[in-house]
Amino acid sequence: MASILSLQNISKSYGRIDALKAVSFEVPAGSVFGILGPNGSGKTTLLGVVMNVLRPNAGKFDWFGQQPGEKLRRDIGTLLETPNFYHYLSAKRNLEITASIKHKPWDDIDRVLKIVRLYERRDSKFQTFSLGMKQRLAIASCLLGDPSVLVFDEPTNGLDPAGIAEIRQLITDLARNGKTIILASHLLAEVEKVCTHVAILQRGVLIRSGEVKSVLSQEEWLEIGSADLTLLQEIAGRLPGVKSILVSENHLQLYFDSSPPDAGWMNRHCFEQGVALNFLALRKKSLESAFIELTDNVSN
Amino acid sequence: MVEFLHTLRVEWLKVKHYRTFWILLAVVVVCIPAFNYVIYDFTDNSFPKINGKSLLGTPFAFPNVWSTVPYNAGILVFMPVILIITLFTNEYSFRTHRQNIIDGWSRSRFIHIKLLEVLLLTLFVTLVVVLTCLYFGFLTRKEAPSKTSWEQFRFILFYFVEMLDYSLIAVVFAMLIRRAGLAMGIFFLYMIGEQFVVSLSRNKYKATWVNYLPEEVSDRLIPQPFARKLISPENTAYWENHVNGYFLVSIGYILIFIFLISWRFRKSDL
């Protein structure tokens, strides 16, 4: 897959604080690329650098394999940090300015306002909008001209649960249509639900990047229970590939060298061994625990 | 050229429906002739007349009007400056100076079109001054127009330079401070502060270098126009000998400010 964005050793400091330390990664075309990290990890700084509002101290980057420039940015829809519009102008007039800067036709404005459900409020001034409406207008401005690349920095900020679900659906739909989406977020659930790739930042350092399933490996295990836990533990101990068994009050947690066996097979196997299971579940480590484990390992 | 006009059109879209912009501009357009009328009335009616002529001479008649109106308009320089500071600090308050770059302008394009906006506003205010000059010149003309009517037209150029100099100082403060109220406050403080330093240094230490400070040097382009006959010939000759220097130094400041404003915007974090 060709790279949409390629970063090579990007460093950025504010005085004595290193916001980014030699960060390098590639964003593949057609991916939904999550930039994940706690607050202050350097996500917004990184996006600020690639959108030319912050000057890196070292390193370089390119968009679409070319030197970054104003014309390339016109084909990228970007929401960085906060929705930035002229407060005294209406939604529509603000988008006319954005469309003019991007050299996109004005007749696309109604379409994007309808997508974010602001069409009815198109003539209202930006200063009268709620935080959620401002955020939706910013997303509408990103969609102007149907760009092939979208950059969203915390896109669900200020949105209510219904708004969050809508934006998540919108991102999924955009990705399905082949758009490349770069999404910075500190919300793991957001990344888990929509991203195909991820880069994890912590205190300006890139901890890992790649496909979500390889970066944030989510270990699986089986939980089983029966009336006779001692016999069940004996049977479980003889299973091929079992790595460890944790005994809790009323069930066992079975960890395997590789993927756990199929739950159906497990149920049949225990029954054949004379034990009827009264509990059987396949568990998966949450993305949150995987993330904390990863960042803790680096910190230590 | 097409790209340039396109960029200029975007700036027009920003102000076209901005009520504050039009109100402040209207204030400038009304106040320059109105303030001059107050001074005209004062000079015409408040002083004793000798042989039917005012003691202060005929400052509003051609060709003197070309220096009188710009001099008076210079006192109101803070009015267009408020407008310019508002237009610049708006971009910072709304963070649209970042968004315009993100959306597809280069930093150079953004700052240069903003500086062009300042230049166009300065030209517009100068045009208002020219029209005010013509109004008062024709109002007070007692004889047929002659080619001497256009003498001293150079003061219009001097006013333009003075106005541009002040406007760019205001832009520097607007860029550094980023908040409209504070930037205006600091600008006025600087205006008064520089005048204080100039007065103190000149009177107490006979220093002449203070004549070349950014605002003082452009103020000196247009000497006070009233009761010229009462001003010593030495002072008039001194001004004539130095006015080219004042002009060149003012232009120098304008170029330095343009360079600094452009350099800072292109090189710093936004």
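This short presentation covers the cavities and one sheet of the structure shown above.

Good morning, colleagues. Please keep in mind that we are discussing a predicted model.

I begin with the empty space. Rolling a probe the size of a water molecule over the atoms shows where empty space is left. Across the whole structure, the search returns 6 cavities of 30 Å³ or more. The largest cavity holds about 60 Å³ of space.

Which residues line the largest cavity? From chain A, the lining includes A:Asn84, A:Phe85, A:Tyr86, A:Asn94, A:Ile97, A:Thr98 and A:Ile101. Chain B is represented by B:Thr96, B:Gln99, B:Asn100 and B:Asp103. Two helices, α3 (91-102) of chain A and α5 (96-103) of chain B, each supply at least two residues of this lining. As for character, the lining residues comprise 4 nonpolar, 6 polar and 1 charged.

I turn now to the sheet in chain A. Its 6 strands follow the order β5-β6-β7-β3-β8-β9, forming an open sheet with mixed pairing. At the edges lie β5 (76-79) and β9 (205-211) of chain A, each of which pairs on one side only. On average, and with direction ignored, neighbouring strands are turned by 10° against each other.

Within this sheet, β3 (residues 32-36) and β8 (residues 197-202) of chain A run parallel and are joined by 4 bridges. One pairing to note is that of A:Leu36, whose bridge partner in β8(A) is A:Ile200.

Finally, what packs on the sheet? Helix α5 (residues 131-143) of chain A does, touching β5 and β6 (149-153) of chain A. The direction of this helix makes about 165° with that of β5(A).

Thank you for your attention.

Notes: Residues numbered from 1 in each chain as written. Chains lettered and ligands numbered in written order. Predicted model: local features only at pLDDT ≥ 70, side-chain atom pairs only at ≥ 80, totals over all residues. Heavy atoms only, no water. 1 Å grid on protein atoms, 1.4 Å probe; cavity = no way out; pocket = protein on both sides within 12 Å on 5 of 7 lines; lining within 4 Å. Points joined across faces, edges and corners; volume = space filled by probe spheres on them. Nonpolar A, V, L, I, M, F, W, Y, C, P; charged D, E, K, R; others polar. Pairing = 2+ DSSP bridges. Axes fitted to C-alpha atoms, helices over the stretch in contact; angles between N-to-C directions. Contact = heavy atoms within 4.5 Å.
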